[in-house]
Amino acid sequence: MRSTQVAIIGAGPSGLLLSQLLSRHGIDSVVLECQSEDHVQSRIRAGLLEWTTVELAQEAGVGARMMREGLVHDGLDLAFANGRHRIDLKGLTGKSVLVYGQNELQRDLIEARSDEPGAVLWQVSDVAVHDVHTPAPRVGYRHEGRCHELRCDFVAGCDGYHGVSRAGLPQGSLAQYERTYPFGWLGLLADVPPLNPELVYASHARGFALCSMRSSRRSRYYLQCSLEDRVEQWSDGRFWDELRARLPEQHAARLVTGPSLEKSVVPLRSLVTEPMRFGQLFLVGDAAHIVPPTGAKGLNLAAADVRVLSRGLIEFYRSGSATLLAEYSARALGRVWKATRFSWWFTALLHRFSADPFAERLQAAELEYLARSAAASRSLAENYVGLAFDET
Ligand code: FAD
Ligand code: DHB
């Protein structure tokens with residue numbers, strides 16, 4: 001039987017970042033991950049970091065490559081009515097965001113954690129959490145063909161939307177607030193130069209489109225698609241034609257196309273679980289909440305949870321005080337609900353719902369208002385770059 005101070009389920013960005021931050025304060029943790037290291041490292045997901053996320057990565061000692069290779073963005077483009085309007089993030093808020101792929105952050109975290117052999121166990125199965133309402137919880141798991149048990153003081157459920165931490169809680173012990181959206185996103189990654197130096201969020205009668213990037217040579221594009229759509233129905237040619245059709249002419253004319261490296265479809269969903277603490281078990285990141293990707297809040301919210309939880313655990317092991325830990329759920333949820341509201345609003349503003357001329361006129365009016373009103377633009381900008389922690 002192995003013991004540790006904090007058992008962490010899941011080696012996504014939240015699990016590894018938490019483990020790395022704790023390690024820098026002399027707190028021992030073991031991360032249990034059901035997938036292989038290669039699989040986790042190669043998953044293509046989010047690409048935009050708020051500055052508070054960048055600072056947390058630096059605090060964890062994994063910021064060096066990010067600062068060298070990440071692209072600082074001071075603004076974004078809203079494209080609508082065959083025109084474009086730039087939102088000056090830096091001018092409106094004093095803050096920028098960083099383009100740096102989630103898989104790159106994963107790579108940096110895996111490398112940092114590999115300094116401590118055995119700190120991450122890959123390809124475990126049958127993970128089950130026990131006794132979270134006692135001071136000595138246990139986590140059972142199977143690894144390399146044998147069953148094991150991990151004793152710990154705390155369990156961090158960092159195992160994403162499909163994980164066991166939330167699913168294993170008794171019915172009735174938690175409340176879940178959910179919205180589903182009647183469309184998905186089709187993503188495409190290609191080694192072509194980005195359309196524009198900054199991201200372009202396009203609202204069009206054919207549906208939403210997003211032009212993002214991973215570097216000056218690698219682009220990431222998304223199209224609003226039907227929930228029934230399968231990747232096989234979207235040849236590269238069809239994707240590029242559809243993207244061109246949804247962009248203002250001046251952007252469409254500049255689009256450089258090429259063979260896709262990856263294509264995937266994701267459904268859009270909002271979900272918030274309350275509370276985020278059950279005895280000695282803390283839910284973190286996607287295990288507790290999901291937002292639709294518009295505005296790139298998912299990864300940033302996961303990092304914000306880690307920030308709050310790591311501060312609580314560090315205080316507990318340094319001074320014995322459980323005050324910050326007691327506040328974890330309320331503090332994290334304050335930020336979660338604000339990001340949930342913003343992601344919902346930004347999604348509703350830019351996507352085409354079922355044919356509803358009234359709703360479409362309202363969307364057009366709101367986009368025009370955003371383009372003319374510094375107050376409305378500032379509201380978008382301050383949510384997009386990430387609210388300051390004392391505002392949440
Ligand atoms: P995850 O990254 O989901 O990590 C959870 C980890 O737990 C995984 O490694 C998983 O394998 C592991 N796990 C699960 N179950 C178990 C178990 N039973 N035992 C052990 N380990 C387990 N956000 C954006 O902001 N923009 C985007 O464009 C964007 N695109 C996305 C595309 C996809 C396909 C997905 C799924 C998410 C996307 N997100 C995006 C959301 C963002 O990637 C997540 O918010 C972020 O990954 C959350 O990190 P996490 O560590 O909390 O969870
Ligand atoms: C990306 C995804 C987003 O949802 C977003 O709002 C911005 C960027 C991306 O994957 O690059």
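Y384 is buried in this predicted model, with a relative accessible area of 3%. The ring of Y384 pairs with that of F346 in an edge-to-face arrangement, with 6.5 Å between the centres and 80° between the planes. The angle is over 60 degrees, so the pair counts as edge-to-face. F346 is buried too, at a relative accessible area of 0%. This pair links distant parts of the chain: F346 belongs to helix 11 (residues 323–350) and Y384 to helix 13 (residues 374–385), and 38 residues separate them.

A pair of aromatic rings is described by the distance of the centres and the angle of the planes. The structure holds 19 aromatic pairs. Another of them joins Y201 and F208, whose centres are 6.3 Å apart and whose planes make an angle of 35°, a tilted geometry. An angle that is neither under 30 degrees nor over 60 is classed as tilted, which is why this pair carries that label. Y201 has a relative accessible area of 1% and is therefore buried. F208, at 0% relative accessibility, counts as buried as well. Both pairs belong to one aromatic cluster, formed by W185, Y201, F208, Y222, F342, W345, F346 and Y384.

Rings also meet charged groups in this model. The charged end of R238 is placed over the ring of W234, 3.6 Å from the ring centre. R335 lies over the face of F389, and here the distance to the ring centre is 4.0 Å.

R335 appears again in the lining of an enclosed space. A search of the whole structure finds two cavities of 30 Å³ or more. The largest cavity has a volume of about 90 Å³. Its lining is made up of E50, K297, N300, L301, R335, K338, A339, F342, N383, G386 and L387. F342 is thus a lining residue of the largest cavity and a member of the aromatic cluster. Helix 10 and helix 11 each supply at least two residues of this lining, and helix 11 gives the largest share, four residues. Sorted by class, the lining of the largest cavity has four nonpolar, three polar and four charged residues.

The second largest cavity has a volume of about 50 Å³. P13, S14, L17, T53, A57, L105, L299, A302 and A303 line this space. The elements that give two or more residues to the lining are helix 1 (13–24), helix 3 (51–59) and helix 10. The class make-up is seven nonpolar and two polar residues, with no charged residues.

Helix 10 contributes at least two residues to the lining of the largest cavity and two or more to that of the second largest cavity. How does the length of helix 10 agree with what its 22 residues should span? At 1.5 Å a residue, the 22 residues of helix 10 (residues 298–319) should span 32 Å, and the end C-alpha atoms are 32 Å apart, so the two values agree. Just after helix 10 comes G320, with a positive phi of about 85°.

The open spaces include a pocket that ranks second by size. The second largest pocket has a volume of about 310 Å³. It is lined by 17 residues, of which E69, E104, R214, S215 and R218 are the closest to the centre. Helix 4 (64–69) and helix 6 (102–113) are the elements that give two or more residues to this lining. By class, the lining of the second largest pocket has five nonpolar, five polar and seven charged residues.

Some backbone details remain. Which residues other than glycine have a positive phi? One is D126, with a phi of about 55°. D126 lies in strand 10 (residues 125–130) and is exposed, because its relative accessible area of 56% is over 50%. Another is D131, where phi is near 60°. D131 is in the loop between strand 10 and strand 11 (138–143). At 37% relative accessibility, D131 counts as partly exposed. Elsewhere, a cis peptide bond joins E274 and P275, with omega at about -10°. P275 is placed in the loop between strand 18 (260–274) and strand 19 (277–278).

How values were computed:
Residues numbered from 1 in each chain as written. Chains lettered and ligands numbered in written order. Predicted model: local features only at pLDDT ≥ 70, side-chain atom pairs only at ≥ 80, totals over all residues. Heavy atoms only, no water. Phe/Tyr/Trp six-rings, centres within 6.5 Å; stacked < 30°, edge-to-face > 60°. Buried < 20%, exposed > 50% of the residue type's maximum accessible area, 1.4 Å probe, protein only. Lys NZ or Arg CZ within 6 Å of the ring centre and 35° of its normal. 1 Å grid on protein atoms, 1.4 Å probe; cavity = no way out; pocket = protein on both sides within 12 Å on 5 of 7 lines; lining within 4 Å. Points joined across faces, edges and corners; volume = space filled by probe spheres on them. Nonpolar A, V, L, I, M, F, W, Y, C, P; charged D, E, K, R; others polar. Expected span 1.5 Å × (residues − 1).
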